[in-house]
Amino acid sequence: MADARQRAQEFCDRFGLRLPILQAPMAGACPPELAVAVAEAGGMGGAGVLQFAPLRIAEWVEQFRAGSSGALQLNIWIPEPPVADPDERERRVSEAREFLGRFGTPDDAPGPPPPAFDAQCEAMLAARPTVISSIMGVFEPDFVRRLHEQGIAWFACATTLDDALTAQEAGADAIVAQGMEAGGHRGSFDQEAAERTDVGLFALLPRFADHLQVPIIAAGGIADGRGVAAALALGASAVQVGTALLRCPETGTSKEWAASLDGLAPEATVATRAYSGRLARAAPTPYVRAWTEPGAPRPAPFPDQLRLVGQLRRGEPDGMDEVNHWAGQSAALATEEPAGEVVARMWRDASGLLA
């Protein structure tokens, strides 16, 4: 286990950490208080800025830095490629809209437009975090050059070796190996192939370790010291945890969402496109299960499904989840302890196993 500990120590030294644990940058569940708690415990805090306007990115980072001088990761989705078949897309949007009618009456207003990706990237550069990370693709070469010129590292999420090698060749400083156990959205570069490329983390890690030259960060199903130790033994240099922190007081998870995680068995979680149109792992709420019933349509593509769900929530929902109930397969291990205590205990227990 000496090699595992050495890899972890080298990673910590490089990125200014005391323990090799990163908070997953969970869009919609990443208040500054959570990132501060993890960073102050010696790990890396994080924010998913997908839905943040540039000013909100600056404000969030300012709030984080008011509480911690520790390491920070900002994460964003790579934009969707152009629509291949507009007519097919419109048909699916119409079917999804009709199906959603069983969950209430939507607000007809389309809602605010999403933030501009280029402006978000400029705001992240201006904030100068430790890491800017990507999911569902890779950054353009010019942006990679600019972030490296500013001393900012790029972590790229990947779910297959081909995607990981693409990111490494594009200049990624580390690869986040996302196993199928992970809660929230899948990081597949080809979203239409996401269901066909679901691989468990502990099959993914040795494959990545045998072929990659950059450090690997393990993500998916890790919520205690046993998972940390196993991931490091299989070739990771660090781990990234999300579901393990969802019930912590700093996260501010809603009562309904937190209750859906309590004691949730790994096999009970559901891979679904019901919230956004992109594949993600969630708790089996009545809303999520409805999309698996006989005769139910496919959810609309992203971002149409996301927009339709937003309109319903702003209208008069009836039986609709108020928030997305993301849940990884480690949900039953999540506790209501403070986040700093959770990550500190994880590393303490892992260290004992790696001794």
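This is a tour of selected places in the structure, with a suggestion at each stop of what to select next. The model is predicted, and the residue numbers used here run from 1 along the chain as its sequence is written.

**Helix α2 and its surroundings**

Begin by selecting helix α2, residues 32–40, which is mostly covered, with seven of its nine residues buried. To see which ones these are, colour Pro32, Leu34, Ala35, Val36, Ala37, Val38 and Ala39, the buried residues of the helix. Then add β1 (21–23), β2 (45–48), α3 (54–67) and α13 (339–354) to the view, for these are the elements against which the buried residues of α2 pack. Before leaving this helix, pick Gly42, which comes just after α2 and takes a positive phi of about 110 degrees.

**Aromatic rings**

Next, display the rings of Phe, Tyr and Trp, among which there are 13 aromatic pairs. Select Phe15 and Phe155, a pair arranged edge-to-face, with the centres 5.2 Å apart and 85 degrees between the planes. This pair joins distant parts of the chain, since Phe15 belongs to helix α1 (residues 2–15) and Phe155 to strand β6 (residues 153–158), 140 residues apart. Are these two rings buried or exposed? Phe15 has a relative accessible area of 8% and is therefore buried, and Phe155 is buried as well, with a value of 0%.

Move on to Phe99 and Phe103, another edge-to-face pair, in which the centres are 6.3 Å apart and the planes make an angle of 65 degrees. Phe99 is buried at a relative accessible area of 12%, and Phe103 likewise counts as buried at 7%. Keep both selected and add Tyr275, Tyr287, Trp291 and Trp326, because together with Phe99 and Phe103 these residues form one aromatic cluster.

Rings may also have a charged group placed over them, and two examples can be shown here. Select Arg56 with Phe52, where the charged end of the arginine sits over the ring, 5.0 Å from its centre. Then select Arg278 with Phe302, where the charged end of Arg278 sits over the ring at 4.4 Å from its centre.

**A sheet of three strands**

Now show strands β8, β12 and β11, which make up an open sheet in that order, with antiparallel pairing. The edges are held by β8 (184–185) and β11 (270–272), each of which has a single partner strand, so that one side of each is left without a neighbour in the sheet. Look more carefully at β11 and β12 (residues 280–282), which pair in the antiparallel sense over three bridges. Within this pairing, select Ala271 and find its bridge partner in β12, which is Arg281.

**Charged side chains**

The last part of the tour follows charged side chains; the structure holds 17 salt bridges. Select Glu195 and Arg273, whose side chains meet in a salt bridge at 2.9 Å, N to O. Glu195 is in the loop between β8 and α8 (201–211) and Arg273 in the loop between β11 and β12, so this pair, too, links distant parts of the chain, 78 residues apart. The accessibility of the two partners can be compared in the viewer: Glu195 counts as partly exposed at 43%, whereas Arg273 counts as buried at 9%.

From there, go to Asp262 and Arg247, a salt bridge in which the closest N and O atoms are 3.5 Å apart. Asp262 lies in the loop between α10 (255–261) and β11, and Arg247 in the loop between β10 (238–241) and α10, so the bridge ties together parts that are 15 residues apart in sequence. Of this pair, Arg247 is buried, with a relative accessible area of 15%.

A salt bridge within one helix can be seen by selecting Asp304 and Arg307, whose side chains meet at 3.3 Å, N to O. The two stand three residues apart in helix α12, which means that about one helical turn separates them. Asp304 is buried at 12% relative accessible area, while Arg307 is partly exposed at 31%.

Then select Glu88, Arg91 and Glu95, which are linked in a network of salt bridges.

Finish at Glu293, placed in the loop between α11 (286–290) and α12 (304–314). Glu293 is partly exposed, with a relative accessible area of 38%, and its side chain makes a polar contact with the side chain of Arg102 at 3.3 Å.

Key: This is a predicted model: local features need pLDDT of at least 70, side-chain atom pairs count only at pLDDT 80 or more; totals for chains, interfaces and linings use all residues. Side-chain values use heavy atoms; hydrogens and water are left out. Rings of Phe, Tyr and Trp (its six-membered ring) pair if their centres lie within 6.5 Å; planes under 30 degrees apart count as stacked, over 60 as edge-to-face and the rest as tilted. Helices (H or I, at least four residues) and strands (E, at least two) are DSSP runs, numbered from the N terminus. Buried means under 20% relative accessible area, exposed over 50%, partly exposed in between (1.4 Å probe, protein chains only). A charge sits over a ring if NZ of Lys or CZ of Arg is within 6 Å of the ring centre and within 35 degrees of the ring normal. Two strands pair if DSSP finds at least two bridges between them. A polar contact is a pair of N or O atoms within 3.5 Å; within protein, one must be able to donate a hydrogen and the other to accept it, and residues adjacent in sequence count only if both atoms are side-chain atoms. A salt bridge is a side-chain nitrogen of Lys or Arg within 4 Å of a carboxyl oxygen of Asp or Glu. Contact means heavy atoms within 4.5 Å.
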